[in-house]
Amino acid sequence: GRLFASERNFGPTPGHRMWARSLDNGNTFNSYGINKNLVTPVTKHWTGIVGAVSSMNQGQKIAFASAASPDVRANLTIKTSSNGGDVWNTALTVWSGPAGYVDMVPVGNISGRLALLFECGTSTFADYIGFSLVQL
């Protein structure tokens with residue numbers, strides 16, 4: 001079993017997600033680092049942004065969702081990777097306005113179908129709770 005983890009980066013170079021990969025069900029993590037393709041906002045009252053990772057297409061791809069603007073909590077975007085998280089491709093912008101925390105799960109047996117629950121708004125990133133069903 002493969003496991004890909006993404007976390008907030010409170011280190012000396014914030015603004016990009018930290019990641020780790022396990023090839024043995026999480027018993028050990030054999031590779032890790034900071035991925036410059038996974039942008040996360042750094043704001044005045046920054047405490048990090050929660051992003052979501054989900055398996056797709058029977059484990060052939062992984063998806064990552066998060067606010068993707070570098071300096072404001074906005075532009076909730078899904079990126080996909082078909083090589084375990086080494087390269088990420090922008091697949092879809094789910095919400096182009098203010099957006100914050102997100103969670104995501106695969107839906108049913110349909111390849112590439114994901115459900116997202118996320119903070120969003122028109123004035124601030126947390127005006128509403130949004131739900132979106134997407135097909136990638």
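Which strands each supply at least two residues of the lining of the largest pocket? Point 1 takes this up. The model is predicted.

1. **The largest pocket.** Strand S1 (3-7), strand S4 (52-56) and S5 each supply at least two residues of its lining. The largest share, three residues, comes from S4. The volume of this pocket is about 280 Å³. It is lined by 15 residues, and those closest to its centre are Arg2, Phe4, Gly59, Ile62 and Gly84. By class, the lining holds four nonpolar, eight polar and three charged residues.

2. **The cavity.** One cavity of 30 Å³ or more is present in the structure. The volume of the largest cavity is about 40 Å³. Its lining is made by Leu38, Val39, Phe64, Ser66, Ala67, Ala68, Thr77 and Lys79. Strand S3 (31-39), strand S5 (61-67) and strand S6 (74-81) are the elements that give two or more residues to this lining. S5 has the largest share, with three residues. The classes here are five nonpolar, two polar and one charged. S5 deserves a second look in the viewer: it supplies at least two lining residues to the largest pocket, and it gives the largest share of the lining of the largest cavity.

3. **The salt bridge.** How many salt bridges does the structure hold? There is one. It joins the side chains of Arg21 and Asp86, with 2.9 Å from N to O. The two partners lie in distant parts of the chain, 65 residues apart. Arg21 is in strand S2 (residues 16-22), while Asp86 is in the loop between S6 and strand S7 (89-106). Is Arg21 buried or exposed? Arg21 has a relative accessible area of 14%, so it counts as buried, the limit being under 20%. Asp86 has 43% relative accessibility and is therefore partly exposed.

4. **Aromatic pairs.** The structure holds four aromatic pairs. One of them is formed by Phe64 and Trp88. Their ring centres are 6.1 Å apart, and the planes make an angle of 65°. That arrangement is edge-to-face. This pair also links distant parts of the chain: Phe64 belongs to strand S5, Trp88 to the loop between S6 and S7, and their positions lie 24 residues apart in the numbering as a separation. Both rings belong to buried residues. Phe64 has a relative accessible area of 3%, and Trp88 has 6%.5. **The aromatic cluster.** Which residues form the aromatic cluster? Phe4, Trp19, Phe64 and Trp88 come together in one cluster. Two of these names have appeared in the linings above. Phe4 is among the residues closest to the centre of the largest pocket. Phe64 helps to line the largest cavity.

6. **A charge over a ring.** Look next at Arg73 and Phe125. The charged end of Arg73 sits over the ring of Phe125. The distance to the ring centre is 4.4 Å.

7. **Positive phi at two asparagines.** Most residues other than glycine have a negative phi. Asn25 has a positive phi of about 65°, although it is not a glycine. Asn25 lies in the loop between S2 and S3. With 60% relative accessibility, Asn25 counts as exposed, because the cut-off is over 50%. Asn75 also has a positive value, with phi near 60°. Where is Asn75 found? Asn75 is in strand S6. Its relative accessibility is 30%, so Asn75 counts as partly exposed.

8. **Thr80 in S6.** Thr80 is placed in strand S6. Thr80 is buried, at 9% relative accessibility. Its C-alpha atom is separated from that of Tyr32 by 18 Å. Along the chain, Thr80 and Tyr32 are 48 residues apart.

9. **Where to start.** Three places can be checked by eye. Begin with Arg21 and Asp86, whose side chains meet in the salt bridge. Go on to Phe64 and Trp88, the edge-to-face pair. Finish at Asn25 in the loop between S2 and S3, where phi is positive.

Note on methods: Residues are numbered from 1 along each chain as its sequence is written. This is a predicted model: local features need pLDDT of at least 70, side-chain atom pairs count only at pLDDT 80 or more; totals for chains, interfaces and linings use all residues. Side-chain values use heavy atoms; hydrogens and water are left out. On a 1 Å grid over the protein atoms alone, a cavity is a set of points where a 1.4 Å probe fits but cannot get out, and a pocket is an open set with protein on both sides within 12 Å along at least five of seven lines; lining residues have an atom within 4 Å of a point. Grid points are joined across faces, edges and corners, and a volume is the space filled by probe spheres set on the points. Helices (H or I, at least four residues) and strands (E, at least two) are DSSP runs, numbered from the N terminus. Ala, Val, Leu, Ile, Met, Phe, Trp, Tyr, Cys and Pro count as nonpolar, Asp, Glu, Lys and Arg as charged, and the others, Gly among them, as polar. A salt bridge is a side-chain nitrogen of Lys or Arg within 4 Å of a carboxyl oxygen of Asp or Glu. Buried means under 20% relative accessible area, exposed over 50%, partly exposed in between (1.4 Å probe, protein chains only). Rings of Phe, Tyr and Trp (its six-membered ring) pair if their centres lie within 6.5 Å; planes under 30 degrees apart count as stacked, over 60 as edge-to-face and the rest as tilted. A charge sits over a ring if NZ of Lys or CZ of Arg is within 6 Å of the ring centre and within 35 degrees of the ring normal.
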